[in-house]
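Q: Please take a close look at the metal site of this protein and at the charged side-chain pairs that accompany it. A connected account would be appreciated.

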Amino acid sequence: MGFAGIVVNNESQAMDRIFTYKIPEKMNISVGSRVKVPFGASNKRLDGFVVEMIPEAEVKGIKDISSVFPGTLFDSWTVEVVEEMRKRYLCTYLEGIRLFIPVGTLKGAGFKTEEKLYPNLVLSGKLNKEPYASIADLIGKNPGKFIRADISRMGFSPSSLNTLIRHGVIEVSSVRSSRHDIRDYENYEAPRLNQEQLIASDTIMKKPGTYLVHGITGSGKTEVFMDVIKRMLKEGKDSIVLVPEISLTPQMIERFKGRFGKDISIFHSRLSEGERFDEWHRVKNGEVKIAVGARSALFLPFRDLGLIVVDEEHESSYKSEMNPKYSAVEMAEFMMDRKGGRLVLASATPSINSYHRAVTGEIGLITLDKRATKGSLPEMTAVDMREELRAGNRSMFSRVLRGEIEKALDSKEQVILFLNRRGFSTFVSCRSCGHVFNCPNCSVSLTYHTSRDLSCHHCGYRQVLPETCPACSSRYIKQFGTGTEKVEEMVRKEFPGARVVRMDRDTAKNKSDYEDMYNSFKNREGDILIGTQMITKGLDFKNVTLVGIIAADLSLNLPDFRAGERTFQLITQVAGRAGRHDKPGKVIIQSYTPEDPSIVNAKEHDYKGFYRREISAREMMYNPPFSRIMSIVQSSVDEALLIKNIQTVGAELRKFLFGYDKIIMLGPSPCLISKIKQNHRWQVLLKGELDPDIARRIKDLVLEKSVRDVRTSIDLDPTSML
DNA sequence: AGCACGCCGACT
DNA sequence: GTCGGCGTGCTC
Ligand SMILES: [Zn+2]
Ligand SMILES: [Zn+2]
């Protein structure tokens, strides 16, 4: 009955192949079937996924499929996408397949069932007395309503119930129970779109393709894509909306649920594994037509996908840090291209890459520059912190910022202070001998947190800061650098009356902390909100009139060609939090380099100027989008082995690349963070015309020349070069 | 990755 | 003699 091409559930790179198995008589197999197969010399039973049907096979030593699970997990379209991912990001089949199947499938996740109680035989004989009669009566009147626990909660002994079950009076039956959100949401009416929004929606509907919607904060781009979703729904097409995880606030969920009701499924991180499983099935069964979620929602099993929206398209979280290290934007475009659908990329600060594609005409460009919801743009001021020092102000707040904070507090308006670094100080060292407190597992300095706690942000190592220097016993230990905790301390000291809320990974450990803090600040239970990156998106406060950026050059000084892009985006995004309908906001940008072009462009709300300058720098330096970057990181606990290995690999790579004058090789050299969790790390960076074919050959070469105890991690177009 | 096979040292 | 060390090679 033919053969099946199967990918087995084995993490190894070497197992990244399709194995041919024979389909036994009468076994119902198709692409997407999950099977058990005998594997290896010991015929160990492994999970496998059928990725192709093969009529004739001439491979030797073919074995039979052992068993098959009912139903299918994916179809041949999925296999096509997985193959594309494998090509682009050098991942394995298995890593690709895992994105498409419900989490926990291999661990045995399933539908939640409940053992419901039903009446069966009539009560008779010696059982016809208490407590049996009451129990039988209760279940007889409410068939299928109770489970065992309900009965014992009502004060009956579980053994009485068991007696009834044993005698067949009561029957137990498993019923699939639903875990999905059936709450009613308040209808969220669509507002009337303005002229600009209508044209945008029409443009997207006119023909399939990719569109970049560049809309300033408050221009109402969400309403544009909600309108497009509604129109797709009328055509019977499914839609996926990707949003950064942090933006999936209860407010956002209410908005979508209120607009699309039962047609929509929201995939947020608070769903349990079981709830995700159920939602995945609701999508597969066609019960929902729209999904909203973070990156991974892209791979939900819709039947007739016509639209993908990627909101805040510039966000680096759309690039996966784990294998497959895919870009959701790229994959969404591939999918819509193949399906003849539409991809909408939306952002107030588009990535250089997307904007470049738009201005060169490769994708459509739609600009929204009318403010639909907010008043005018915030007033931006840059402060030179060198001047402050010269004027004798050694505080972290410039005189302008301090004055504006006081003004805002006086008029009962709220303030946001942004610093993209958590902790109290970034490093601690002894002033007498220069000893620096470093992590024993990583090559980074420990961050000081309040409560005399030193911690490593890479491995979680913690220790208490000693009173005296471990090297020279001096008591003169000093902290350097600034984090959000120090900002909090200084705010409390300098503005003693103000109520302070601090939001960073340390205070908002989970989603509900985050929501509590968000709500408390929104309800004006705080005057000053201090936060990291976390506060730059999704937050919408009505009473914030001042935003202070404590150190705008933090993200600028990273050794990464995207530092300018990131700085511009951060400033613009956080500045978008300022202002209200009736009153424009003020933004104070503190920096030691206020003349830096990215800061100046952000200050002047000049996206186009920023783009023009940045794109020519990219071209000059042969950086993306004019080239591709491939980062090859190798790691091992054995430093000598690692160095020896990567030097061999490096030499082989140079030999291989000889003649490819469009590829530049840098390294091998130690990574900027040369040790993490006891693993030493070295890297090779390649830059140039790295098409999938060459990339694959490079990967094969690296793996072939590497020993077992050295781990290899390859990232194409990484978000950061560190 | 796992697992079997294989060829050498040091044990009852 | 044989128990077990981990180097090598293969997995439909
Ligand atoms: Zn010292
Ligand atoms: Zn560490």
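A: Donors are taken here as N, O and S atoms within 2.8 Å of the metal. The model is predicted, and the account below rests on computed values.

By that criterion, the zinc ion (ligand 1) has as its protein donors the SG atoms of Cys 430, Cys 433, Cys 469 and Cys 472, lying 2.3 Å from the ion. The arrangement is tetrahedral because the four donor atoms subtend angles of 106 to 113 degrees around the zinc ion, and four donors count as tetrahedral if all angles lie between 85 and 135 degrees. Along the chain, the donors follow the spacing C-x2-C-x35-C-x2-C. Distant parts of the chain are thereby linked: Cys 430 belongs to strand S18, whereas Cys 469 is in the loop between strand S21 (462–464) and strand S22 (477–480), 39 residues apart. Cys 430 has a relative accessible area of 2% and is therefore buried; Cys 469, at 1%, counts as buried too, the cut-off being under 20%.

The charged pairs may be considered next. Side chains of opposite charge can pair when their charged atoms come close. The model holds 43 salt bridges. One of them joins Asp 506 and Arg 422, with the closest N and O atoms 2.8 Å apart. This pair also links distant parts of the chain, 84 residues apart: Arg 422 is in the loop between strand S17 (414–418) and strand S18 (427–430), and Asp 506 is in the loop between strand S23 (500–503) and helix H15 (511–522). Arg 422 is buried at a relative accessible area of 15%, while Asp 506 is partly exposed at 22%.

A network of salt bridges links Glu 485, Glu 488, Arg 492, Arg 502 and Asp 504.

Two further pairs complete the account. Lys 237 and Asp 304 meet through their side chains in a salt bridge of 3.4 Å, N to O. Lys 237 is in the loop between helix H7 (221–234) and strand S10 (238–242), and Asp 304 is in the loop between strand S12 (290–293) and strand S13 (305–311), 67 residues apart. Lys 237 is partly exposed, with a relative accessible area of 26%, and Asp 304 is partly exposed at 33%. In the other pair, the side chains of Glu 330 and Arg 88 form a salt bridge of 3.5 Å, N to O. This contact connects helix H10 (residues 328–339), which holds Glu 330, to helix H1 (residues 76–89), which holds Arg 88, across 242 residues. Glu 330 is partly exposed, at 24% relative accessible area.

Note on methods:
Residues numbered from 1 in each chain as written. Chains lettered and ligands numbered in written order. Predicted model: local features only at pLDDT ≥ 70, side-chain atom pairs only at ≥ 80, totals over all residues. Heavy atoms only, no water. Salt bridge = Lys/Arg side-chain N within 4 Å of Asp/Glu carboxyl O. Helix = DSSP H or I, 4+ residues; strand = E, 2+ residues; numbered from the N terminus. Buried < 20%, exposed > 50% of the residue type's maximum accessible area, 1.4 Å probe, protein only. Donors = N, O, S within 2.8 Å, 3.2 Å for Na, K, Ca; no water. Tetrahedral: all angles 85-135°; square planar, octahedral: opposite > 155°, others 65-115°.
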